[in-house]
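Work through the exercises below with the sequence and the 3D structure at hand. Each task is followed by a stepwise solution.

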Amino acid sequence: MIQEPFANKVAIYPGSFDPITNGHVDLIKRGMRIFDEIVILIAHNPNKVYLFSIEERMEMIREIFSDTKEVRVDSYSGLLVDYLKISGANIILRGMRALSDFEYEFQMALMNRRQTKKIETVFLMSGFKWFYTSSKLIKEVVSLGGSVKGLVPDSVNQKLMGKFNVNNINNNRG
Ligand code: PNS
């Protein structure tokens, strides 16, 4: 039996975004061809300790998408499915990189679906260039004085270097 189509094509793109990378930005731009609106949701992952505060992460993302009215930024500390319920959205957008993401993403998508059948998780393959880009490795490299130029927006690169108080001698590399 065919179920009713979703009334609006608003996708919630949840994640830690600590910090946002060019892989995320690429996914959002591609998602804009599919969805009417994308809400980048800084959500709490209990398995992570964050480098940037929620406010810092929101500000970095807002700056990047300041001229894109179809993209909004929000934060939430409860269950993701509750945020969808409150906001009236039905779609969760997630990126899928290498095979290593699959198990984790599958678990989350099924657990979310177990909470409510009213949502669907939509996966977009990460862009080829960003297959092995992760916020975790980016932070590690910058903290040790390496360059992540081209892997994150320039404004984010500056913030990262400020956080680690590094005068990045390798910043023109990479
Ligand atoms: O970028 P991340 O850290 O891989 O994103 C994970 C995130 C934030 C999407 C996930 O931890 C999440 O949805 N957190 C909100 C709380 C929640 O709903 N947990 C149950 C997930 S099945």
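**Exercise 1: the ligand shell**

Task: Find which residues come nearest to the ligand.

Solution. Step 1: the ligand has 15 residues around it, a residue being near if one of its heavy atoms lies within 4 Å of the molecule. Step 2: of these, Ser-16, His-44, Asn-45, Lys-48 and Leu-80 come nearest. Step 3: sorted by class, the shell holds 7 nonpolar, 6 polar and 2 charged residues. Here Ala, Val, Leu, Ile, Met, Phe, Trp, Tyr, Cys and Pro count as nonpolar, Asp, Glu, Lys and Arg as charged, and the others, Gly among them, as polar.

The model is predicted: local features need pLDDT of at least 70, side-chain atom pairs count only at pLDDT 80 or more, and totals for chains, interfaces and linings use all residues. Residues are numbered from 1 along each chain as its sequence is written, and side-chain values use heavy atoms, with hydrogens and water left out.

**Exercise 2: polar contacts and burial**

Task: List polar contacts of the ligand (pairs of N or O atoms within 3.5 Å), then state how much of its surface the protein buries.

Solution. Step 1: in the side chain of Ser-16, an N or O atom is 2.6 Å from a ligand oxygen. Step 2: the side chain of Asn-45 likewise has an N or O atom 2.8 Å from an oxygen of the ligand. Step 3: at Leu-80 the partner is a polar backbone atom, 2.8 Å from a ligand oxygen. Step 4: the ligand alone exposes 540 Å², and the protein buries 83% of that (Shrake-Rupley method, 1.4 Å probe).

**Exercise 3: the pocket**

Task: Which pocket holds the ligand, and what lines this pocket?

Solution. Step 1: the ligand sits in the largest pocket, as more than half of its atoms lie within 2 Å of the grid points. A pocket is an open set of points on a 1 Å grid over the protein atoms alone, where a 1.4 Å probe fits, with protein on both sides within 12 Å along at least five of seven lines; lining residues have an atom within 4 Å of a point. Step 2: this pocket has a volume of about 1,300 Å³, the space filled by probe spheres set on the points. Step 3: its lining comprises 45 residues, with Asn-45, Lys-48, Arg-94, Tyr-104 and Met-108 nearest the centre. Step 4: α4 gives the most to this lining, 8 residues (helices are DSSP runs of H or I, at least four residues).

Technical notes
A polar contact is a pair of N or O atoms within 3.5 Å; within protein, one must be able to donate a hydrogen and the other to accept it, and residues adjacent in sequence count only if both atoms are side-chain atoms. Helices (H or I, at least four residues) and strands (E, at least two) are DSSP runs, numbered from the N terminus.
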